[in-house]
Amino acid sequence: MTLSRIRNFSIVAHIDHGKSTLADRLLALTGAMDPKKAVDQVLDSMDLERERGITIKQHTVRLPYLRQDGQEYTLNLIDTPGHVDFSYEVSRSLAACEGALLIVDAAQGVEAQTLANFYLALEANLTIIPIINKIDLPQADVEGTRRQIAEILGLNPEDAIPISAKFGTGVPEVLEAIVHRIPPPPGDPAAPLKALVFDSFYDPYQGVVVYVRIFDGRARAGMPALLMSNGRVYEVQQVGVFTPEMKPVEELAAGQVGYLTAGIKRVADAKVGETITDAHRPTAASFPGYRDAKPMVFAGLYPVEDTAYQSLRDALDKLRLNDSALTFEPETSLALGFGFRSGFLGLLHMEIVQERLEREFGLTLIVTSPSVRYRVVTTGGETLEIDNPSKLPPAGAIAHLEEPYVRAAVFAPTEFMNPIYRLAQDKRGEHRALEYLGKRVHITFDFPLAEIIVDFYDRLKSISKGYASLDYDFLEFRPSELVKLDILLNGDPVDALSVIVHGDKAYDKGRALAEKLRAVIPRQLFEVAIQAAIGSRVIARETVKAIRKNVTAKCYGGDITRKRKLLEKQKEGKKRMKQVGKVEVPQEAFLSVLKS
Amino acid sequence: MIGLADLRPSQSGPALGLYLHIPFCRQRCHYCSFNTGPYRPAAMERFLTALCREIDLVGDADWAGRASIGTVFFGGGTPSLLEADEMERLLERLRKRFSLAPATEVTVECNPESLTREKAEGYRLAGVNRLSLGVQSLDAGLLVKLGRLHSPEEARHAFETARHAGFDNLSVDLMYGLPGLDLARWEETVREILAWRPEHLSAYALTLDAGSRWARSGVAGLPDEDTVTAEYWALARRAAAAGYEHYEISNYARPGFRSRHNQVYWRGEEYVGLGPGASGFLGDIRYGNVEPVERYCALLEAGTRPLGTYETLTTAQRQAERGILGLRLSDGVPPDWLAGVGPLVEAWKSLGLLEVAGGRCRLTEAGFWLSDSLFVELLPPAP
């Protein structure tokens with residue numbers, strides 16, 4: 001296959017604009033997949049992904065495309081994750097391509113992630129083909145969307161291809177445009193091997209399967225592969241392509257996209273962005289821009305049953321094989337016992353990990369309130385980073401505290417500007433820039449990350465009737481007036497309920513938190529006093545009254561089975577309770593901390 | 001699937017209990033979820049024939065003749081709808097098939113309005129030696145609200161009738177936590193009932209059981225938990241002062257007059273259930289007869305035992321149940337039955353809800369009232 005017959009491209013879009021549907025269409029149309037076997041949206045193969053309608057892990061597939069004139073092309077579709085938590089992965093996928101299909105929903109128009117993805121594609125020097133999708137919808141506004149593409153993105157509106165991925169309308173034109181407009185990959189098959197890792201997954205039989213784009217040279221089984229970021233060398237065991245099933249091939253040469261296996265044990269050993277070269281004949285320089293996916297959000301994961309600690313460790317180990325962004329280390333909580341402090345890219349990532357641990361490994365977990373990583377400058381001049389509020393040094397030892405800020409772009413119709421500004425103010429946002437783009441505004445704020453990790457996105461969606469969208473990136477640490485808010489149950493501080501909050505918000509937060517806990521902590525055999533305190537100063541107090549009566553009045557012969565079943569039901573309800581001192585605290589209490 | 005051969009008492013157990021269910025009432029009470037339907041003489045006649053056939057079928061089992069029967073209990077429904085001769089017919093049939101001793105406790109649940117002097121004497125002659133009188137309340141308005149057919153006066157009269165007929169072992173059923181019942185009125189009821197000096201007293205806090213009219217439609221004026229709790233304690237105090245032993249969560253007795261039949265249940269002992277919807281417990285198996293009277297009769301007319309449901313208890317379930325049932329009694333259980341929940345036992349002790357003495361672990365009266373919170377913890381983990 002000569003380079004001139006290869007095209008490497010991605011599809012990028014705002015969430016729900018139809019990326020997976022178009023990918024399915026392309027697969028069906030090129031015969032990469034038997035339509036009879038088609039499961040809707042094959043590329044989103046994880047159950048969770050399908051349920052949530054989002055792509056978390058990326059997938060890639062080789063499409064054989066036979067043009068009308070009899071010429072055969074190889075189109076490599078490199079799928080990208082579709083959530084704001086995963087923008088680094090998107091950028092690496094794009095680096096493996098020469099072109100991108102930028103989908104815009106004809107009914108929704110350009111949204112924040114359309115824009116964010118557009119900029120990522122521009123940065124990667126890709127040829128962009130705008131696609132206007134969902135033209136079959138009654139509320140589709142193709143001309144208006146064309147105008148937005150011109151006004152907001154600065155692309156030629158005539159280049160946009162109107163399609164309905166759902167019904168297949170316009171999809172053949174998309175295939176033609178891929179061949180026509182996207183340049184073939186550059187590269188020198190004779191040069192030393194230079195391959196970019198843009199994804200990987202763990203296979204129990206073959207070890208890590210690494211997705212690669214070959215830029216120069218050739219990869220084949222038996223050659224020693226050098227991973228340039230960590231200097232490790234592995235022998236390549238197999239190279240192949242995705243059809244979408246894995247199919248071994250003799251070699252992958254410059255310009256091609258495929259996979260290789262080399263007995264690598266964990267995905268963390270061959271991270272996205274890594275450069276692979278021939279250990280005997282290394283390439284001169286690795287790809288620029290490699291960075292570790294850094295967790296932004298941290299939470300404690302604790303098994304409800306103390307005996308499940310080892311199972312939790314095993315499950316996390318297994319998940320990490322496949323998820324290089326997941327970090328965890330053992331931690332002990334006075335309240336919750338032994339668990340793990342885990343780092344996540346964002347709250348969605350955290351929820352996915354929790355759900356997988358519970359669903360795939362049958363664990364019942366307590367997840368503590370998510371926290372960001374704070375920086376502490378001590379009076380001794382030392383700088384510490386803490387990701388667990390209970391680890392904060394005593395107030396006297398702290399010179400000052402810093403918290404992470406992000407730069408966030410909110411994109412919305414102009415009519416929602418006021419509520420958005422109000423929300424931003426409530427979340428300690430600092431306005432940076434405002435740009436009118438047709439009937440929409442693109443507002444830039446700086447936010448403390450802690451303010452937006454929990455309910456910001458939901459509230460933004462609700463105040464804008466779903467029209468506003470959000471994109472953000474880490475900016476910097478900034479000094480901040482932060483305090484540690486402790487929660488005491490019957491006088492004993494519960495470390496797992498401590499949070500770090502801004503001083504101005506501490507009082508409201510403490511009161512809201514105490515109220516929320518009163519609502520979720522069930523009545524016990526004794527009264528439970530809930531106090532919120534800063535240092536030794538109690539700022540809020542609530543009481544959960546003691547249970548007065550819990551009795552089965554009648555229990556005779558015929559009723560014993562039924563009464564036992566009623567008790568079993570009660571027990572089921574207690575499954576997610578954790579004994580904290582003498583008090584039984586339900587799972588949701590720990591997550592209610594940031595939601596109050 | 002179990003076979004009938006599996007339904008047999010274990011070799012070494014104590015005497016069996018026999019429960020007979022009489023599934024008819026003149027009117028369903030509004031709080032009631034039991035298996036009962038409207039009384040019709042013809043239906044009663046057909047049912048009694050079927051019941052006798054069931055007695056025969058169970059009596060055919062090789063173990064039946066040898067088994068000693070410690071207690072017989074006629075429950076319902078309204079067993080006192082049975083005429084004295086009908087009662088005699090049933091007890092005759094039982095004596096023919098099983099070994100009933102003169103000392104066997106034979107109890108009949110009676111509604112005050114259906115207990116005449118003649119019937120009470122007839123029952124005694126037939127071999128009944130204990131009556132349980134469904135008084136429920138001594139407030140005329142409340143009795144109507146509950147759907148009962150008797151007045152307070154009829155209740156008083158029925159109690160006297162039973163005494164005059166020669167019954168020296170009488171139980172009274174009462175209810176509290178009722179809509180519109182206040183603490184003062186309840187104390188008044190308790191005071192009067194205790195003055196009757198029944199040998200035994202059962203008092204149940206109202207529960208809205210699934211299947212009852214009140215569970216479906218709701219009911220206005222239910223007292224709050226504090227009031228129900230105060231009523232529980234008022235009864236406990238007055239009964240103790242009057243010499244009654246609070247021997248089970250909802251049951252009180254003068255010395256020597258505990259319900260022997262009901263203790264069979266709480267001690268995890270074996271019993272045979274006869275009649276529609278009646279349950280039995282033999283070996284590891286708890287079974288239940290079909291509930292609809294029509295189906296029950298039809299099966300027996302075809303010569304088939306009317307089994308409906310059964311469960312074979314696992315060892316873990318048996319152990320959980322014996323703890324849960326045993327702790328309902330003031331006798332409590334051996335401490336090693338609670339070895340698996342040691343910290344909990346300590347916590348309950350420190351709260352005054354449980355005590356360990358004389359080689360037994362038992363709930364206090366305060367502990368009775370919160371007992372489900374402990375029982376939940378005795379259940380085996382869900383599979």
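Mentor: A salt bridge, as counted here, is a side-chain nitrogen of Lys or Arg within 4 Å of a carboxyl oxygen of Asp or Glu. The model it is applied to is a predicted one.

Trainee: How many salt bridges does the structure hold over all chains?
Mentor: Side chains of opposite charge can pair when their charged atoms come close. Applied to the predicted model over all chains, the rule gives a total of 63.

Trainee: How many residues apart in sequence are the parts that Asp306(A) and Lys578(A) tie together?
Mentor: The two side chains meet in a salt bridge, 3.0 Å from N to O. Asp306(A) is in the loop between strand 17 (297–303) and helix 7 (309–322) of chain A, and Lys578(A) is in strand 32 (residues 577–580) of chain A, so the parts tied together are separated in sequence by 272 residues.

Trainee: Is Lys578(A) buried or exposed?
Mentor: Its partner Asp306(A) has 58% relative accessibility and counts as exposed, because the cut-off for that class is over 50%. For Lys578(A) the relative accessible area is 3%, and the limit for the other class is under 20%, so Lys578(A) is buried.

Trainee: In which helix do Arg320(A) and Asp317(A) both lie?
Mentor: Their side chains form a salt bridge at 3.8 Å, N to O. Asp317(A) counts as partly exposed, at 32% relative accessibility. The two residues are three apart, about one turn, and the element that holds both is helix 7 of chain A.

Trainee: Which helix holds both Glu346(B) and Lys349(B)?
Mentor: The closest N and O atoms of this salt bridge are 3.6 Å apart. Glu346(B) is partly exposed at 45% relative accessibility, and Lys349(B) is partly exposed at 35%. Three residues, about one turn, separate them in helix 12 (residues 342–350) of chain B.

Trainee: How many residues of chain B are in contact with chain A?
Mentor: The two chains bury about 3,100 Å² between them, 56% of it on carbon and sulfur atoms. On the side of chain A, 26 residues take part, and on the side of chain B the number is 40.

Trainee: Which helix gives the largest share of the side of chain A that touches chain B?
Mentor: Across the interface the rule finds four salt bridges. One salt bridge joins the side chains of Glu321(B) and Arg564(A), at 2.6 Å from N to O. Nine residues, the largest share of the chain A side, come from residues 560–573, which form helix 13 of chain A.

Trainee: How many charged residues does the side of chain A that touches chain B have?
Mentor: Across the interface, 20 residue pairs are in polar contact. By class, the chain A side has nine nonpolar residues and six polar ones, and the charged residues number eleven.

Trainee: What ipTM does the predictor give the complex?
Mentor: For chain B the mean pLDDT is 95, and 98% of its residues reach 70 or more. For the complex the predictor gives a pTM of 0.71 and an ipTM of 0.94.

Trainee: What separation is there between the C-alpha atoms of Val236(A) and Gly510(A)?
Mentor: Val236(A) is placed in the loop between strand 11 (232–235) and strand 12 (238–242) of chain A, and it counts as buried at 2% relative accessibility. Its contacts beyond four places in sequence include Arg220(A), Met223(A) and Leu260(A). Gly510(A) is 274 residues from Val236(A) along the chain, and their C-alpha atoms are separated by 57 Å.

Trainee: What is the value of phi near which Gln136(B) is found?
Mentor: Most residues other than glycine have a negative phi, and most peptide bonds are trans. Gln136(B) is in strand 6 (residues 130–136) of chain B and is buried, with a relative accessible area of 8%. Its phi is positive, near 70 degrees.

Trainee: What is the omega of the peptide bond from Gly76(B) to Gly77(B)?
Mentor: Gly77(B) is in the loop between strand 4 (68–76) and helix 2 (84–97) of chain B. The peptide bond that leads to Gly77(B) from Gly76(B) is cis, with omega near 15 degrees.

Terms used: Residues numbered from 1 in each chain as written. Chains lettered and ligands numbered in written order. Predicted model: local features only at pLDDT ≥ 70, side-chain atom pairs only at ≥ 80, totals over all residues. Heavy atoms only, no water. Contact = heavy atoms within 4.5 Å. Buried area = accessible area lost by both parts, 1.4 Å probe. Polar contact = N/O pair within 3.5 Å; in protein donor to acceptor, adjacent residues only side chain to side chain. Helix = DSSP H or I, 4+ residues; strand = E, 2+ residues; numbered from the N terminus. Nonpolar A, V, L, I, M, F, W, Y, C, P; charged D, E, K, R; others polar. Buried < 20%, exposed > 50% of the residue type's maximum accessible area, 1.4 Å probe, protein only. pLDDT = per-residue confidence, 0-100.
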